[in-house]
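Student: Before we use any of the descriptive labels for this structure, could we go through the reasoning behind them one at a time?
Tutor: Yes, let us look at the structure and then set each value against its cut-off.

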Amino acid sequence: MRAAVYEKFAQPLTIQDVPDPVPEKNGVVIRVGATGMCRSDWHGWMGHDPCIRLPHVPGHEIAGVVEETGREVSRWKKGDRVTLPFVCGCGACPQCASGNHQVCDRQSQPGFTHWGSFAQYVAIDYADVNLVQLPEDIDFVTAASLGCRFSTSFRAIVAQGKVSAGQWVAVHGCGGVGLSAIMIASALRANVVAIDIQREKLDFAGSVGASVLVNAGEVEDVAGAILDITKGGVHVSVDALGSSNTCFNSIATLRKRGKHLQVGLMLAEHRHPPIPMDKVIANELEILGCHGMQAHEYGAMLDMVCEGKLRPEKLIGKTIGLEEAARELPDMNRFGSVGVIVINEF
């Protein structure tokens with residue numbers, strides 16, 4: 001199969017012919033119809049993820065067709081249209097037994113623990129636990145955009161944040177994660193404040209549901225500005241970027257008993273950020289991590305997509321081929337693109 005491969009961290013990717021994957025007895029091989037390009041892939045390419053072993057094929061936002069099944073797979077057959085979460089559970093550990101596959105003790109992640117989906121085929125373990133039937137109404141490109149950023153944001157806003165109509169929600173960072181959170185919170189009829197340093201991204205955020213736009217590059221005190229706008233702070237705030245600055249501002253933006261949702265990855269020098277713990281204590285704030293969404297919880301999200309209440313296809317900035325992906329991935333930390341990039345030519 002053709003795949004985008006890197007053999008050293010932070011070094012160029014090349015398009016290579018590599019062996020086709022073979023399914024484990026409990027797994028499947030998926031013919032990739034589309035795969036998203038995510039900043040998590042950039043972190044992996046930089047060497048920030050200890051699970052990755054070189055050489056490596058990135059990619060974890062997947063939609064496609066089951067090509068081959070292992071002998072113990074009972075729920076899936078060749079030809080099924082599927083998607084899946086980026087965190088795959090084992091189905092047997094205490095976390096999975098409680099329904100929390102997103103924090104499985106033996107989790108696997110395509111594109112991190114094993115070769116991913118910047119390729120014609122990808123292997124997925126524990127298929128009966130992790131695959132999701134893809135409705136015919138949702139095409140592969142749209143489905144691929146759901147796999148990490150959108151589904152994680154959905155669980156963050158709906159399950160963790162418990163956002164409801166009329167609440168104030170702040171979203172710090174208007175990349176794929178942030179735009180997804182904005183669209184979902186707006187669909188729940190919350191009042192959404194979008195924060196970014198690029199006017200083009202803020203304008204895009206306004207087009208998908210943000211009612212207030214704050215340019216952090218032009219405002220001296222971001223948290224103070226949001227406290228003023230919302231007359232006391234937001235009920236829920238999302239760090240959708242993952243930096244020391246956005247994490248701090250997100251917490252400082254909250255009203256009393258508000259919730260901070262950490263969706264953006266905190267890696268490298270941002271692993272241990274300063275936190276306004278005095279506010280956390282005095283105002284009884286909640287700090288919640290958000291790490292994907294279980295396959296068995298996908299139904300509510302897919303229903304909202306099929307009903308037109310969520311329009312994830314509006315977040316897609318462009319579609320590209322493997323060769324262009326090999327050039328785009330190293331540039332992801334420059335935040336130049338507006339919207340989500342999806343690979344659909346292999």
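**Reasoning behind the labels**

Tutor: In this predicted model, the buried residues of helix α1 are S40, D41, W42, H43, G44 and W45.

Student: What makes helix α1 mostly covered?
Tutor: Helix α1 spans residues 39-46, and six of its eight residues are buried, a word reserved for a relative accessible area under 20%. The buried residues of α1 pack against β3 (28-37), and just after the helix G47 takes a positive phi of about 95°.

Student: Why is α5 called oblique to α6?
Tutor: Helix α5 (residues 146-160) and helix α6 (residues 176-187) pack at an angle of about 45°, with their axes 8 Å apart. Angles under 35 degrees would count as roughly parallel, and those from 65 to 115 as roughly perpendicular; the angle of about 45° belongs to neither class, and therefore α5 is oblique to α6. The crossing of the two helices is, moreover, right-handed.

Student: Which residues make the contact between α5 and α6, and how do they divide by character?
Tutor: From α5 the contact draws on R149, F150, S153, F154, I157 and V158, and from α6 on G176, V177, S180, A181, M183, I184 and A185. These residues divide into nine nonpolar, three polar and one charged.

Student: Why does Q167 count as buried or exposed?
Tutor: The relative accessibility of Q167 is 18%, and since buried means under 20%, Q167 counts as buried. Q167 sits in the loop between α5 and β8 (168-172), where its side chain reaches the backbone nitrogen of S164 at 3.1 Å. Leaving aside neighbours within four places in sequence, Q167 is in contact with K162, A190, N191, H235 and V236.

Student: Why is K231 placed in the exposed class?
Tutor: K231 has a relative accessible area of 72%, and because exposed means over 50%, K231 is exposed. This residue lies in the loop between α8 (222-229) and β11 (234-239), and K231 has a positive phi of about 55° although it is not a glycine.

Student: What makes R257 exposed?
Tutor: R257 has a relative accessible area of 58%, which is to be set against the cut-off of over 50%, so R257 is exposed. R257 is found in strand β12 (residues 254-262), and its phi is near 65°, a positive value in a residue other than glycine.

How values were computed. Residues numbered from 1 in each chain as written. Predicted model: local features only at pLDDT ≥ 70, side-chain atom pairs only at ≥ 80, totals over all residues. Heavy atoms only, no water. Axes fitted to C-alpha atoms, helices over the stretch in contact; angles between N-to-C directions. Helix = DSSP H or I, 4+ residues; strand = E, 2+ residues; numbered from the N terminus. Parallel < 35°, antiparallel > 145°, perpendicular 65-115°, else oblique. Left-handed = near helix turned anticlockwise from the far one by under 90°. Contact = heavy atoms within 4.5 Å. Nonpolar A, V, L, I, M, F, W, Y, C, P; charged D, E, K, R; others polar. Buried < 20%, exposed > 50% of the residue type's maximum accessible area, 1.4 Å probe, protein only. Polar contact = N/O pair within 3.5 Å; in protein donor to acceptor, adjacent residues only side chain to side chain.
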